[in-house]
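Reader: I would like to learn how to read a protein model, feature by feature. Could you walk me through this one?

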Amino acid sequence: KSLDRLAADPDLCRAMGHQAHLRSLRFTWDAQAHTIEQLFLTWHQRGKQALPSAPAAPPASAEPAPSRIRLAAISHSCVLSINQGLYRELARYHDVEQLLIAPLTWWSLLSGPISFSASNEVRKFARPLPIYLPGHINLYWYRPDIYRVLEQFKPDILFVDEEPYSLSAWQGLHLARRLGCKLIISTKENIAHRYPPPLCWTQRKVLAAADYALVVNEECEDVLRLKGYKGPVTTLPHGVDPQLFKPSPQPRLRRRLGLDGPVVGYVGRLTKAKGVLDLLQAAALTRRMDCPRFQVLVVGAGPLEQEINTLASTLLKDPGAVKILGNVPHHVIADYLNCLDVLVLPSRTTRRWKEQFGRVLVEALACEVPVIGSSSGYIPHLVADTGGGLVFREGDAHDLAAKLALLLGDKQLATTYARRGRRCVLENYTWAAVAHKLHEVIVSVADR
């Protein structure tokens, strides 16, 4: 009977398999090694406390060692090592001692279960912990293990890198009060949304209690102020790893993908808000303009994939004109960016969303690829700040087509934008540059 029930209910089979996978992660070699390590550390500390000691008096001229600021950070995005660059660079500051807390497992709608991974530099101070509701960015929270871990660490500052209305931010507020430490929050909300209970209650309490706020752009600060936050704010942009994102010609990859001649690319989700259809409309319009023929390379997945294929065959009437690759691991995105002559981010503003930053623009410029972005959200500010490309009116395929014709038809202009953009990224948007700004905030909060 049990087998018949499972055979008749594929959804139940998938749900049981997912839960079994999550439970099995507790019994991996990494999880067992972590448990044994904590056991040894706990008994080691107890043994040191039990042994009486008579420390030798320091020389009269010796100065007391400066105390280190103990920072604990909570971030669901750091389940992936690619997102840990900020904390890797922050570890170079010897006056800060870090503890990075991230989910032991996560769930992605596109790629399924994700297990925590870390580079060697970050693994020294990272603690992956089990959570409830993995995959729900605003509704997940940590299991009771987090209380024991933070009480042992005794942070001076707790940095909750989650939205202030999320349940993990509420948990961070409770932890900060319990531990008596300062609280830093972050937000990317650039439209003042109204949230239902309990999220609106959580946001109000977190904003009232936070000692400092980090925002990804100035519009986010406006939203914070509108919602009642009165504390200090610093803009902390997304960063890029210059060792990973750098100019690196990819002739073999271009041949394997069937790319011959100029290539215009898009990297991101395939949704209407991202404006991918506008890029295809513009590509068709350039066929009637004085513009070199080019192929469109689309890297990403989403609900518009079939519509993109249909529109490409209808408008361009060329089977090789558009190539859709689906999702690729983030650590190889740089290889695909280096196949491009121009990257386009054609985002569209909706009632609920507008582009918050445009991280792929910074990554493309780090690879010395010029960019064209729409006028949605922060995109025009980022393009203007880096000097790495052009901006078109969002939703206007004719304007985008004109900008494509300009860049593809003038290689010297495209090279000027690309080099200027890469120079600005290396100065202001590397993880090292972002970590420097975060370190200043940490010292400021600790001094207060």
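Author: Happy to. Keep in mind that this is a predicted model. Let's begin with the aromatic rings: the count comes to 6 aromatic pairs.

Reader: How do I read one such pair, and at what angle do the planes of Tyr140 and Tyr142 lie?

Author: Look at the distance between ring centres, then at the angle between planes; over 60 degrees counts as edge-to-face. For Tyr140 and Tyr142 the centres are 5.5 Å apart and the planes stand at 70°, so this pair is edge-to-face. Tyr140 is buried, at a relative accessible area of 0%, and Tyr142 is buried too, at 2%.

Reader: And which pair is stacked?

Author: One that is stacked joins Phe357 and Tyr378, with 5.8 Å from centre to centre and 15° between the planes. This pair links distant parts of the chain, 21 residues apart. Phe357 belongs to the loop between strand 15 (342-345) and helix 14 (359-366), while Tyr378 belongs to the loop between strand 16 (371-374) and helix 15 (379-386). Both residues are buried.

Reader: Which residues do ring pairs link into a cluster?

Author: Trp106, Tyr140 and Tyr142 are joined that way, so you meet the edge-to-face pair of Tyr140 and Tyr142 again here.

Reader: Rings can also have a charge over them. Which rings have an arginine over them here?

Author: For this feature, check how far the charged end is from the ring centre and whether it lies over the face. The charged end of Arg70 sits over the ring of Phe153, 4.4 Å from its centre. Arg143 lies over the face of Tyr132, 4.8 Å from the ring centre.

Reader: Let's turn to helices. How do I read the packing of two of them?

Author: Two packed helices are described by the angle between their axes and the distance between the axes. Take helix 11 (residues 276-286) and helix 12 (residues 305-315): their axes come within 10 Å and cross at roughly 10°. Angles under 35 degrees count as roughly parallel, and helix 11 and helix 12 are therefore roughly parallel to each other. Helix 11 makes the contact through Val276, Leu277, Leu280, Gln281 and Ala284, and helix 12 through Glu307, Ile308, Leu311, Ala312 and Leu315. These residues divide into 8 nonpolar, 1 polar and 1 charged.

Reader: Is helix 14 largely enclosed or largely open?

Author: To judge that, see how many of its residues have under 20% relative accessible area. In helix 14, 7 of the 8 residues are buried, so it is largely enclosed by the rest of the structure. The buried residues are Val360, Leu361, Val362, Glu363, Ala364, Leu365 and Ala366. Their cover includes strand 12 (263-267), helix 13 (333-337), strand 15, strand 16, helix 15 and helix 17 (411-428). After helix 14 comes Glu368, whose phi is positive, near 60°.

Reader: Let's try a loop residue. Where is Gly395, and what does it touch?

Author: Gly395 is in the loop between strand 17 (389-392) and helix 16 (397-409). With a relative accessible area of 30%, Gly395 is partly exposed. Leaving out residues up to four places away in sequence, Gly395 touches Asp278 and Arg348. The C-alpha atoms of Gly395 and Ser376 are 9.4 Å apart, and these residues are 19 apart along the chain.

Reader: Finally, how many helices and strands does the protein have?

Author: There are 18 helices and 17 strands. Of the 448 residues, 49% count as buried. Among contacts between residues at least 6 apart in sequence, 75% join residues at least 24 apart.

How values were computed
Residues are numbered from 1 along each chain as its sequence is written. This is a predicted model: local features need pLDDT of at least 70, side-chain atom pairs count only at pLDDT 80 or more; totals for chains, interfaces and linings use all residues. Side-chain values use heavy atoms; hydrogens and water are left out. Axes are lines fitted to C-alpha atoms, for helices over the stretch in contact, and angles run from 0 to 180 degrees between N-to-C directions. Helices (H or I, at least four residues) and strands (E, at least two) are DSSP runs, numbered from the N terminus. Angles under 35 degrees count as roughly parallel, over 145 as roughly antiparallel, 65 to 115 as roughly perpendicular and the rest as oblique. Contact means heavy atoms within 4.5 Å. Ala, Val, Leu, Ile, Met, Phe, Trp, Tyr, Cys and Pro count as nonpolar, Asp, Glu, Lys and Arg as charged, and the others, Gly among them, as polar. Rings of Phe, Tyr and Trp (its six-membered ring) pair if their centres lie within 6.5 Å; planes under 30 degrees apart count as stacked, over 60 as edge-to-face and the rest as tilted. Buried means under 20% relative accessible area, exposed over 50%, partly exposed in between (1.4 Å probe, protein chains only). A charge sits over a ring if NZ of Lys or CZ of Arg is within 6 Å of the ring centre and within 35 degrees of the ring normal.
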